[in-house]
Amino acid sequence: MTRRPTIVDVAREAGVSKGLVSLALNDRPGVNATTRERIHRVAADIGWRPNPAARGLTNRRAYALGLVVRRDPRIIEVDPFFASFISGLETVLSERGQVLVLSLVGDHDAEERAYRTLAADARVDGFIVTDLLAGDPRIELIAELGVHAVTLGEPDVPTAFPAVRRDYAPGIHELVRYLVGLGHERIAHVSGPESMLHGHERRQLFADAALEAGVDAVVVPTDFSPEQGAAATEQLLDLAERDRPTAIVYGNDPMAIAGMSVAQHRGLRVPDDLSVTGLDGSQIGRLVFPALTTLDNDPAEWGRIVAATLLDLVDGTTPVDRALHPAGLIVRGSTGAPPTRQHTTA
């Protein structure tokens, strides 16, 4: 059969009426179990699939979720978090006959237009809200548009939307204690922008962990891009020897990899001369040399849980916040004892 099979084809092959096929395939009452099973088997055998457009006309559903991302394209291009996160989304969406509508925008005005257009055209049933900002205006906007949403993390403004969260405190505190245990006394953090809640949270958690451990700490803010991560590394390595960090904790894995490159270009050995860590748990960290110490963040898990939470909400379930397992430390080859400790124990 070269054309797309229809319910008429299913009805003919199953020897029943088109109306009965419609009831069976839409899981409506009025069909006995044996007949329903036969209709579903015939539909699968001839390759029948539901038509999202037709379903949407019937029940006013788009069978699509929206993801509007406002970041510099150069950051998205090299950030493996988003690719893995989207793969997690797609795993759930494909299983449930849904699609993802992705919009990359460059500024606030374009972002607001994207939300308004997608909602006004009924092209999505709900939005996935990432990169939460301080006083994030998108929460009020989406509520005003009357569309469902799920946020990655908890907004700092009133919200009726469920949130999917991960607790980074255990992992960051464990990471700092691990570095201190190796002998590091000067540890730096190359952080993300303060305007992003997760960048601010990671910076604060690092500062708290460093204070608790009693170590000197310096923080250099960036925009999360590898370029600014590299520039921050140059800045830290240009400090006087007594102030120069022996370990750097980067706010994401791409910046950490860029920092390793800078250190190695300057003739430093990682981890013999400088320990480097990320915080994202991306798979790319396993493939660089030395492999990157990081946190167990699992972006694909984020995607799966966020998609399932939003689809359940669209289907009429009560909004429920969901907590992923806390981020834990993953020790790899990019961290070791500082040079002073190596010389002392040699």
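Helices, numbered from the N terminus, are taken here as DSSP runs of at least four residues. In this predicted model, the description turns to helix α12 and its flanking residues before the salt bridges are considered.

Just after α12, G267 adopts a positive phi of about 90 degrees. The helix itself comprises 13 residues, 253-265, for which a rise of 1.5 Å a residue gives an expected span of 18 Å, and this agrees with the 18 Å that separates its end C-alpha atoms. At the N-terminal end, α12 is capped by N252, a side-chain oxygen of which lies 2.9 Å from the backbone nitrogen of M255. M255 is also among the buried residues of the helix, which further include D253, P254, A256 and A258, and the list is completed by G259, M260, V262 and A263.

Side chains of opposite charge can pair when their charged atoms come close. The structure contains 23 salt bridges, of which three that connect distant parts of the chain are described here. In one of these, D315 pairs with R61, with the closest N and O atoms 3.2 Å apart. Because D315 is located in the loop between α13 (299-314) and β11 (322-323), whereas R61 is located in the loop between α4 (52-59) and β1 (64-70), this salt bridge ties together parts that are 254 residues apart in sequence. With a relative accessible area of 47%, D315 is partly exposed.

A further salt bridge is formed by D321 and R165, whose closest N and O atoms are 3.4 Å apart. Here, too, distant parts of the chain are linked, since D321 belongs to the loop between α13 and β11 and R165 to strand β5 (residues 163-165), the two being 156 residues apart. Both partners count as partly exposed, D321 having a relative accessibility of 40% and R165 one of 32%.

In the salt bridge between E301 and R166, the closest N and O atoms are 3.0 Å apart. This pair connects helix α13, which contains E301, with the loop between β5 and α9 (169-182), which contains R166, across a separation of 135 residues. Both E301 and R166 are buried, that is, each has under 20% relative accessible area, whereas D321 and R165 are partly exposed.

Salt bridges that share partners also join R61, R96, D125, D312, D315 and R322 into one network. The pair of D315 and R61 described above thus has both of its residues within this network.

Technical notes
Residues numbered from 1 in each chain as written. Predicted model: local features only at pLDDT ≥ 70, side-chain atom pairs only at ≥ 80, totals over all residues. Heavy atoms only, no water. Salt bridge = Lys/Arg side-chain N within 4 Å of Asp/Glu carboxyl O. Buried < 20%, exposed > 50% of the residue type's maximum accessible area, 1.4 Å probe, protein only. Expected span 1.5 Å × (residues − 1). Polar contact = N/O pair within 3.5 Å; in protein donor to acceptor, adjacent residues only side chain to side chain.
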